[in-house]
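Q: I am new to this structure and would like a close look at a single part of it. Please take me through one helix pairing with care.

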Amino acid sequence: MPARLPIAALLALAIVVVALVLPVGAMFVRSIQVDEVHTKDGRIYSVAGEVRETEDAVSFDLETPGGREKVPVRLPWSKVQEVRRTFSLKHYEGVLSDDRTRGLVWNSIEMALGGALAAFLLGLPAAFVLGRIALPGWRLLAALCVGPAVLPPFFIALGGARDMQAVLIDVFGLGGAALQLANASVVFGCCLFPFVVLLVAPALAAVPAGPVESAQLLGGRRAAIRHVVLPAVLPSVAAAFLLCFVLAVTDFAVPDLLGFMLPAGEPPTHVFSTEIRLQWEKEGNTGRAVATSAPFVLITLTLVLAALVALRRSPLFSASDRSRLRPRIRPGVLGLVASYALLALVLYLALGVPLLGIASWTNVGETSASGTNRDASVVEDSGGLFDFE
């Protein structure tokens, strides 16, 4: 066994280098590369995006301060001395000087915190039922609760956003950016609650019985929960929250889609991830896109590392295999009915509403119009929840 440790350590180091160090290093190098156009009269233009060279001229865009519209420039070769790539922090300076950065970051944080909170509102009750209740068929129910994590968040948003948005408007009267971010938070709650179930339910089931019984003898049931159960489960709760936050804060597809679904006339808003995508795809400004994504890379690595550190203190990994576990709660008939009803409600919200919503879209399309002009067509938006006709 000792002879294998160096090989395992080298393999782990190689994986870290290939999967983390090299990609992040390549991203950092690209973020400090700036294309410049030097003219014969001594002026230097920092290029935003690519330099387009033709036989007659050099064309490029200048990135203006504060994230405003770029200025196209076209210079004939007679005025150009050279086009070269240098190393500087201008892309990072552009991100920090952009007036929109703070607002975009705050939108992402609000959405991610709301998504993590929604995930816990769905996941904690389900985790308690699956981790503590002696429920017939609990393994099958636990597998079903993992289903939303398998589906793409975009799929759940496409299927369930219409009905979720209607509830947010009718109950809370939201509109515009607030409605878009709140709807995104609800969607992420439906997508990410399986992580709460996967981490918290096994932790609840893995709490050793000995310390709990000792605390109960000394201080009662509340003391056992406060001094034994909560300290054992909180690391898993913290890890689940961090993972949900990371997965929500770095997503752009869901908030962008929900911006298109806003009622007519409602202005959409953007999150920080959208800015990264626009810089990369629309503007072709790879260096600026990588510099913009640098905070998310640091946030992701830091929070994932914090989640792993927290999980080391969870009974999932710290409890001995020989530990005697607490017996599951055996409820009566009403308790069983309530447990099944709770899980059914969670699964309906996270799986049923999106799947039924996607199915209802099949009734949205073109139909032949009646009348003298039989070739004309009209679009009927008759698709709705439970509308399968």
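At what angle do helix α7 and helix α10 pack, and how far apart are their axes?

A: This is a predicted model, and a little setting may help before the pairing itself. The protein has 14 helices and eight strands, and of its 389 residues 40% count as buried. Among its contacts with a separation of 6 or more, 72% come from residues 24 or more positions apart.

Helix α7, which covers residues 176-205, packs against helix α10, residues 253-260, at an angle of about 130 degrees, and their axes are 9 Å apart. Angles over 115 degrees and up to 145 degrees fall in the oblique class, and α7 and α10 are therefore oblique to each other. The crossing in which α7 passes α10 is right-handed. On the α7 side, the residues that take part are Gln-180, Asn-183, Ala-184, Val-187 and Phe-188, and they meet Val-254, Pro-255, Leu-258 and Gly-259 of α10. Sorted by class, this contact holds six nonpolar residues and three polar ones, with no charged residues.

For a view of another helix, one can turn to His-91, which lies in helix α2, residues 90-97. His-91 counts as buried because its relative accessibility is 7%, where the cut-off is under 20%. Its side chain reaches the backbone oxygen of Gln-33 at 3.1 Å, and, leaving aside neighbours within four places in sequence, the residues in contact with His-91 include Ser-31, Val-34, Asn-285 and Arg-288.

Conventions. Residues numbered from 1 in each chain as written. Predicted model: local features only at pLDDT ≥ 70, side-chain atom pairs only at ≥ 80, totals over all residues. Heavy atoms only, no water. Helix = DSSP H or I, 4+ residues; strand = E, 2+ residues; numbered from the N terminus. Buried < 20%, exposed > 50% of the residue type's maximum accessible area, 1.4 Å probe, protein only. Polar contact = N/O pair within 3.5 Å; in protein donor to acceptor, adjacent residues only side chain to side chain. Contact = heavy atoms within 4.5 Å. Axes fitted to C-alpha atoms, helices over the stretch in contact; angles between N-to-C directions. Parallel < 35°, antiparallel > 145°, perpendicular 65-115°, else oblique. Left-handed = near helix turned anticlockwise from the far one by under 90°. Nonpolar A, V, L, I, M, F, W, Y, C, P; charged D, E, K, R; others polar.
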